[in-house]
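Reader: I am in my first year and would like a close look at a single part of this structure. Please take one strand, go through it slowly, and then show me what lies around it.

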Amino acid sequence: FFASVEMAPGDPILGLTETYLADTRPGKINLGVGIYVDEQGHVPLLRTVHEVELGLASAAKPRGYLPIDGLPAYNQLTQQLLFGAGSPLLEAGRVATAQTIGGSAALRVGADLLRQVAGAGAKIAISNPSWGNHHVVFRTAGFELLEYRYYDPSSHGLDLAGMLEDLGKLEPGTVVLLHACCHNPTGVDLDAVQWQQVIALLQERKLLPFIDIAYQGFDQGIAADATAIRLLAASGIEAFVVANSYSKSFSLYGERVGALSMVGADRDEAARLLSKIKQTIRTNYSSPAAHGASLVAGVLGSSELRGRWEQELGEMRTRIHAMRAGLVERLAAHGAPDFGFIQGQAGMFSYSGLSKAQVLRLREEHAIYALDSGRICVAALNRANLDTVAAAVAAVTR
Ligand code: PLP
Ligand code: TYF
C-alpha cells in the first residue's frame with residue numbers, strides 16, 4: 001500500500017527548531033520560530049490564564065462536546081475584540097464567527113469554504129513574502145496562488161506603490177490575504193492612511209479581503225492592532241473574512257485557540273455563512289477543543305481579568321520594543337552597519353536583511369539560529385543574550 005509513498009518536505013521553521021534542539025553547544029540561541037519567551041527564556045503562563053485554569057480545575061465540570069462552531073461566549077468575545085464592542089457590523093448581525101483549532105484552522109476552514117463558493121477558478125493573492133503556511137494551506141485547498149509586492153529590501157520597509165499596483169491588476173473576486181499587524185516574516189506594517197488606500201482599492205476592484213491577525217496586541221494594543229479590521233468594517237465593504245489566533249496574545253500555543261469570522265452583507269447572509277462554516281468544520285474535525293477556549297472566554301468575559309490580561313499583553317509588547325531598541329544600540333556599539341530600521345518594525349519578527357550566507361555563519365560559528373530568509377524573532381532576545389547576538393551579527397556583517 002505505502003511502498004510508493006515519498007518523503008514529504010518538512011516545515012522549514014519547525015525543522016530549524018529540531019536542528020537547534022539537537023545542537024549540543026552551550027549558549028545556543030534560537031531566533032527562528034515565532035514564540036514569545038520572557039526574560040528567562042520561558043514561554044510565559046499568563047497569571048490571568050492560570051487563575052481561570054485553577055477555577056476550572058476545582059469546578060471539575062464534565063467534558064461534553066462543544067457545539068460545532070465552538071463555545072458561544074468565546075465567539076462573542078472574539079467578535080468584540082476584533083471588531084470593537086458595539087461595532088455596527090455586530091449589531092446588524094453581519095458577522096458569523098466560529099471557534100477553530102488555532103489561527104491555522106481558521107485559515108484552512110476559510111480557504112475550503114471560499115474555494116467552494118468561488119469554484120474551480122479560485123485565486124488568492126498573498127504578500128511577497130508571507131508566512132509559508134499561507135501558501136500551502138490555500139494551494140492545498142485548491143486555490144491558484146498569486147503574489148503582490150509588499151516588502152522593499154532597499155528601505156527595509158513597505159513597497160506601497162508596488163502593492164497598490166499589483167492589487168490593482170487583480171481580477172474581481174480574487175481573495176487578498178492581508179496581515180492585520182506584525183507582518184510575518186518582515187515586521188513591516190501599514191499605517192492607517194496606507195490601509196485606507198489599500199481598502200479603497202479592494203473596494204473599487206471588488207476583491208475579497210481575508211485578514212489574518214495572529215499578533216493582536218503585540219505592536220500597539222488591542223484596538224490599534226485591529227485598525228485594518230475596524231477600517232474595513234467602516235468602509236462599507238460588503239464582505240470580508242478574518243482569521244484570528246490567540247496563540248501569542250494569550251501564550252496558549254499548544255491549546256490551539258483561534259476563530260474564523262466571515263462578514264456578510266446582512267443578517268441572513270451571515271446565517272447562511274455560519275451554516276457553511278459549520279458544515280466545513282464538521283466534515284474536517286467535527287468540533288473544536290474546549291479547554292483553551294474556556295480559558296480565553298474566562299479571561300475576556302471578566303472585566304477585571306480582561307484588564308489584567310491587557311496589562312500582561314502590554315508587558316510582552318513593552319519587552320519586545322525594549323529588545324528592538326537594545327539590539328539596535330548593541331549592534332551600533334559593536335560597529336555593525338546601520339540596523340536602525342529594526343526599531344521601526346512591528347511585532348515579534350524582523351527581516352534583518354542578513355543574507356543566507358550570513359545566517360549560515362551565525363548558525364555554524366556562533367550557534368545562533370535565524371531563518372534562511374534573514375527573519376529573526378525579536379521576542380527571543382533578552383538582556384542576557386542581546387550582546388552575544390549583536391556581537392555575532394556584527395562579526396558576520398563586517
Ligand atoms: N498566521 C500567522 C501570520 C502566524 O504567524 C501564525 C502563527 O503561528 C498563524 C497564523 C497561526 O497561528 P496558530 O498557531 O494559532 O495556528
Ligand atoms: O512563523 C512562525 O514562526 C510562527 C510559528 O508550521 C509557526 O507562526 C511556524 C511554522 C508552523 C507553525 C507555526
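Author: Val-242 has Ser-261 as its bridge partner in β10. That pair belongs to the contact between strand β9 (residues 240-245) and β10, which run antiparallel and are joined by six bridges. This is a predicted model, and what follows should be read as a description of that model.

Ser-261 is also the bridge partner, in β10, of Thr-97. Thr-97 falls within strand β2 (residues 95-101), which pairs with β10 in the antiparallel sense over seven bridges. Ser-261 is thus a bridge partner of Thr-97 and of Val-242.

Next comes burial. A residue counts as buried if 20 or more other C-beta atoms lie within 10 Å of its own. Seven of the seven residues of β10 (residues 257-263) are buried, so the strand is largely enclosed by the rest of the structure. The side chains can be sorted by direction. Val-257, Ala-259, Ser-261 and Val-263 point one way, while Gly-258, Leu-260 and Met-262 point the other way. The residues of both groups are buried.

The loop between β9 and β10 holds Ser-251. Ser-251 is buried, because 21 other C-beta atoms lie within 10 Å. Its backbone deserves a remark: phi of Ser-251 is near 50°, a positive value in a residue other than glycine. Most residues other than glycine have a negative phi, and most peptide bonds are trans. Lys-206, in the loop between α8 and β8 (208-213), has a positive phi too, near 55°. Lys-206 counts as partly exposed because it has 14 C-beta neighbours inside 10 Å.

Two peptide bonds can be set beside these. The bond from Asn-128 to Pro-129 is cis, with omega near 0°, and Pro-129 is found in the loop between β3 (123-128) and α6 (132-140). Asn-184 and Pro-185 are also joined by a cis peptide bond, with omega about 20°. Pro-185 sits in the loop between β7 and α8.

From β10 the path leads to ligand 1. Gly-258, one of the β10 residues named above, is among the residues around ligand 1. The others are Gly-34, Gly-102, Gly-103, Ser-104, Trp-131, His-179, Asn-184, Asp-212, Ala-214, Ser-245 and Ser-247. Helix α5 (residues 102-118) gives the most to this shell, with three residues. By class, the shell around ligand 1 has two nonpolar, nine polar and one charged residue.

Some of these names return at ligand 2. Its surroundings are Asp-11, Ile-13, Leu-14, Val-33, Gly-34, Trp-131, Asn-133 and Asn-184. Gly-34, Trp-131 and Asn-184 appear in both lists. The shell around ligand 2 divides into four nonpolar, three polar and one charged residue. At least three of its residues come from each of domain 1 (12-45 + 306-397) and domain 2 (61-302).

That brings in the two domains into which the chain is divided, domain 1 (12-45 + 306-397) and domain 2 (61-302). Their C-alpha centres lie 27 Å apart. Where they meet, 26 residues of domain 1 are in contact with 24 residues of domain 2. On the side of domain 1 that touches domain 2, the elements giving two or more residues are α12 (303-333) and β11 (349-351). The largest share there, seven residues, comes from α12. By class, this side of domain 1 has 16 nonpolar, six polar and four charged residues.

One more residue is worth following, Gly-187, in the loop between β7 (175-179) and α8 (192-204). With 26 other C-beta atoms within 10 Å, Gly-187 is buried. Leaving out residues up to four places away in sequence, Gly-187 touches Cys-182, Gln-345, Ala-346, Gly-347, Phe-349, Ser-350 and Tyr-351. Gly-187 and Gln-343 are 156 residues apart along the chain, yet their C-alpha atoms are separated by 9.9 Å.

Last, a record covers much of this ground. UniProt, in an unreviewed entry, lists residues 27-392 as "domain: Aminotransferase class I/classII large". Over residues 27-392 the model is 45% helix and 16% strand, and the end C-alpha atoms of that stretch are 13 Å apart.

Methods. Residues are numbered from 1 along each chain as its sequence is written. Chains are lettered from A and ligands numbered from 1 in the order in which they are written. This is a predicted model: local features need pLDDT of at least 70, side-chain atom pairs count only at pLDDT 80 or more; totals for chains, interfaces and linings use all residues. A residue is near a molecule or strand if its C-beta atom, placed from the backbone, lies within 6 Å of it. Helices (H or I, at least four residues) and strands (E, at least two) are DSSP runs, numbered from the N terminus. Ala, Val, Leu, Ile, Met, Phe, Trp, Tyr, Cys and Pro count as nonpolar, Asp, Glu, Lys and Arg as charged, and the others, Gly among them, as polar. UniProt positions are given in the numbering used here, feature names are shortened, and annotations may be inferred rather than shown by experiment. Domain bounds come from an automatic or database domain assignment. A residue is buried if 20 or more other C-beta atoms lie within 10 Å of its own, exposed if 12 or fewer, and partly exposed in between; C-beta atoms are placed from the backbone. Two strands pair if DSSP finds at least two bridges between them. Two residues are in contact if their C-beta atoms, placed from the backbone, lie within 7 Å.
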